[in-house]
Each structure stands twice: as C-alpha cells, then as structure tokens.
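Biologist: Before we discuss this protein, please show me its sequence and its structure. I would then like to put some questions about its salt bridges, its core and its surface.

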Amino acid sequence: MKTMTAFTLEIDDPDAAAAEILEQIDSTGLCEHSLGILTCYTDFIDSGAVRTICAALPFDVIGMTTAGTATPAATGEMALSLLVLTSDDTDFITGTAEIRRGEDIDGLVCTAYKEACAKRSGRPAMMLAFAPYMNDLGGEVIAVSLDKAAGGIPIFGSLAIDSSVDFSLNRSVYNGNHHTNSVIFALLYGDLHPSFFVTSFAEDKIQKQRGVVTKSKDNILMEVNNMPVLDYLQSIGIQKQEGAWTVAAFPFVIDCNDDTKPVTRSIYLITKEGYAACSGNVPENATLSVGGIDYSDVIRTTREILKQILKKKNDGHSCVLMFSCLTRYFALEANTTDEMDTVRKTLTDFPDYIFGYSGGEICPVYTEKGNAVNRFHNCTFIACLL
C-alpha cells in the first residue's frame, strides 16, 4: 500500500482549495484501488470546498469534521487534511447507513454493511468508520452496531466533532456530501495486518479507590456500591460546585473484567432521576474508578504512544491514522496545537499519517491472548498502523 497526504487552509475559495489539494496528490502514482480519508474544520463544508475537492478526486472519500488536524506537512485548527491510501492488492468498498434514535439501528447498519459486502467476494480485513456526534445517541450504540454487522472484524474510526458550543455543526462526510445522522464506512480487503494503540490516563491520574457498578442500564449509571451514583461521587470527594455537578471533569475508567483493558466513559449529564448519563455503556459488575487529565498528561501519553508506533516503523507499515478526544484538546487550554505539534515533531521520519480530534473513538483493544476486541472510547488517543 502507498500513501499520500495533502493539507490546506483555504476555506473561502473552493476552487483554490481543490487546486492546492490536487497539487499535493500525485495522480500518476495512484494504483488500481484508492481511498481518501478527510478531516476538516466545519467551515470547509459550508463554503463548498469539501464538495469541490471530492468532486476533483478519482476515488471515494470518507471522513468527518474536526477541531484540529495534522499531516506530516502541517497542523491547523481551521484546516483540511486528506490521506490517500492506494494499492493494487488492497481493495476499498465504501458504504453509508442513515440512523436515528428510536429506529432499528442494528438492522440499518447491518443492511448497509451487507450491501457493501455484496460488491466484492471474501471477508474484509478491517473497517474504517466515521459518524457524527449526536447528543441524543451515545457513540457506543453506533460502535456496537458496526461490530455486530461486521462480525468482529477490527473497526477503527471516530465520531465527528466541531468547535461550536453544543457541537451542533459536526458532520460525517461521504464523497463531498455531509451528514448529521449517517455512519460512513470503508471496508478494506486484502492481506492487511493493522496494529492498534490506545491510551487515555496515566496511572497516577486514576484514583486508587474502586467501586462496583451495582445498577445500570446501557449507558445510564444508577448505583455504585449499592449507593445512588451521586451519593457515591460525594463519598469519594466529588461535590456540587455552585449548585451544579461539574461531572465532565470527572470521567470514569471502567474495567469490564473481561480480559481487556479498561475504557473511559465521559458523563454527558445528570438526569432528573439523579442518574449519570454516560457516553457509552457501563455494565453492571464492572469496576469503576475516576480519572483526570491535564496538559502534561496529554503530552506525556501521546509521546508514549508515538514511541510505540516508531518501534514498528521498519516493519513494512506505510501510514498511521490517529484520533484524539476533544477532552484532551480542552485540557491543553491555551496551547491548543501542542498535541498536534508533538505528533509532527516525533514522527518526523514516518512515511505518512493523518491526525484529527474526535467526539468519541472507535478502536480495538487487545486481550492478554492478543485478540483484538472492538471498543468505544472517550478521553482517549487512538492510532491504527497500516
């Protein structure tokens, strides 16, 4: 597999943006099969630049809006990045599923997956997936539906995000069209052996005190240690601030006790019943602790993952896809480009990569036996080495 990357800051002039992207893509070097992966500031959609860029490219493009993006050439918040995968041996089949709360999401995703699979024989090696962040639909619902449809093949992807106060401008992208409620995916066929990397909190940022989830339903956490969740939070020193629960600052680290690494769950809100509505499922009997993240933690954990990636640089890998949770972006405070700059400074000798900020991360985790299990994450940096 060969890769190419392109980057532009040209938001307002769609033709100029497309010309700049095309200048960086060697069309004569494209192989039989190609796929574009795009991340961009939401204004690139509103100006028509995304549609113009995709129309000028001779292959399918999938992707999402983001709050910041990077390639080996540049980093930027109000920017657009494109990674092109091209190969004679690896085939790319794309698809889309429109979903809404209250519908049969599993059925809709499964139908879209089967329609994509019908275009080619054999079993995909993995899936890349993008979906919008939706306030009324937890990201884990989407990740689980994709996993069911794909029968457990590795899935790597992200929820779209944007820089608005309520994240209402985020969208997934498919061949120049933008979507507020559609999952966009690509199936990769071939002799692929991807490696996955996940990090969230350093160990010293996780409270030693542990609780057990004693009552929950899907992503609604009701009781911990047989106590109402708010009582439990108070028992470990988390209090109301000015009459409100600032729960976003206290994400949970959930160990499902199933031989996989713990995952992080952000709290979206406290319901009128006093329950914690989390970003993903919080199963009963899982072990729960509280984590925290700050500037130094973001940079340190990112560097640790990048060092692991560099160790595999000479193993035939051509590129790496990376997404970091918007929570980590916020933890950088005024230094909003420092994580992206850390990536560029560390991966100076790596062939190609694309980085974007995420509203929720989809990435396999490994069991002790080395098996990859698909998981939805929050507050996490994920990477896929191809």
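Biologist: Is Arg328 buried or exposed?

Modeller: Please bear in mind that the model is predicted. A residue counts as buried under 20% relative accessible area. The relative accessibility of Arg328 is 0%, so Arg328 is buried.

Biologist: With which side chain does Arg328 meet in a salt bridge?

Modeller: Arg328 belongs to helix α8 (residues 326-331), and its partner belongs to helix α9 (residues 338-346), so the pair ties together parts that are eleven residues apart in sequence. The partner also counts as buried, at 0% relative accessibility. The N to O distance is 3.3 Å, and the partner is Glu339.

Biologist: How many salt bridges does a search of the whole structure find?

Modeller: Besides the pair just described, Glu98, Arg100 and Glu103 are linked in a network of salt bridges. Over the whole structure, the search finds a total of nine.

Biologist: Which side chain meets Asp106 in a salt bridge?

Modeller: Asp106 lies in helix α4 (residues 105-117) and its partner in helix α5 (residues 139-150), so the bridge ties together parts that are 42 residues apart in sequence. Asp106 is partly exposed, with a relative accessible area of 30%, whereas the partner is exposed, at 55%. The N to O distance is 2.9 Å, and the partner is Lys148.

Biologist: How many residues apart are Arg265 and Glu140?

Modeller: The side chains of Arg265 and Glu140 form a salt bridge, at 2.9 Å from N to O. Both residues are buried. Arg265 is in strand β18 and Glu140 in helix α5, so that this pair links distant parts of the chain, and the separation is 125 residues.

Biologist: Which element gives the most residues to the largest nonpolar core?

Modeller: In soluble globular proteins, nonpolar side chains tend to be buried together. Here the largest nonpolar core has 54 residues, and those that touch the most other members include Met127, Ile142, Leu146 and Met322. The element that gives the most to this core, with six residues, is α4.

Biologist: How many residues are in the other core, which lies apart from it?

Modeller: Met322, one of the residues that touch the most other members of the largest core, has contacts that include Leu306, Val343, Phe355 and Phe381. The other core lies apart from the largest one and has Phe130, Tyr174, Phe323 and Cys363 among its members; its size is 26 residues.

Biologist: What distance separates the C-alpha atoms of Ala116 and Ala186?

Modeller: Ala116 is found in helix α4 and is buried, with a relative accessible area of 1%. Leaving out residues up to four places away in sequence, Ala116 touches Ile93, Thr94, Phe185 and Leu187. Ala116 and Ala186 are 70 residues apart along the chain, and their C-alpha atoms are separated by 8.7 Å.

Biologist: What is the volume of the second largest pocket?

Modeller: The lining of the second largest pocket has 13 nonpolar, nine polar and five charged residues. Elements that each supply at least two of the lining residues include β13 (195-199), α7 (295-311) and β24 (361-366). The volume of this pocket is about 640 Å³.

Biologist: Which residues lie closest to the centre of that pocket?

Modeller: The lining of the second largest pocket comprises 27 residues. Those closest to the centre are Val198, Thr199, Ser200, Lys261 and Pro262.

Biologist: In which strand does Arg375 lie?

Modeller: At 11% relative accessibility, Arg375 counts as buried. Its contacts, leaving aside neighbours within four places in sequence, include Cys256, Asp258, Lys261 and Glu361. Arg375 lies in strand β25.

Biologist: What is the phi of Asn175?

Modeller: Most residues other than glycine have a negative phi. Asn175 is in the loop between β10 (172-174) and β11 (177-179), and counts as partly exposed at 32% relative accessibility. Although Asn175 is not a glycine, its phi is positive, at about 50 degrees.

Biologist: Where is Asn225 placed?

Modeller: Asn225 has a positive phi of about 55 degrees although it is not a glycine. Asn225 is partly exposed, with a relative accessible area of 33%. Its place is in the loop between β15 (220-224) and β16 (227-228).

Technical notes:
Residues numbered from 1 in each chain as written. Predicted model: local features only at pLDDT ≥ 70, side-chain atom pairs only at ≥ 80, totals over all residues. Heavy atoms only, no water. 1 Å grid on protein atoms, 1.4 Å probe; cavity = no way out; pocket = protein on both sides within 12 Å on 5 of 7 lines; lining within 4 Å. Points joined across faces, edges and corners; volume = space filled by probe spheres on them. Helix = DSSP H or I, 4+ residues; strand = E, 2+ residues; numbered from the N terminus. Nonpolar A, V, L, I, M, F, W, Y, C, P; charged D, E, K, R; others polar. Salt bridge = Lys/Arg side-chain N within 4 Å of Asp/Glu carboxyl O. Buried < 20%, exposed > 50% of the residue type's maximum accessible area, 1.4 Å probe, protein only. Core = buried A, V, L, I, M, F, W, Y, C linked by side-chain atoms within 4.5 Å. Contact = heavy atoms within 4.5 Å.
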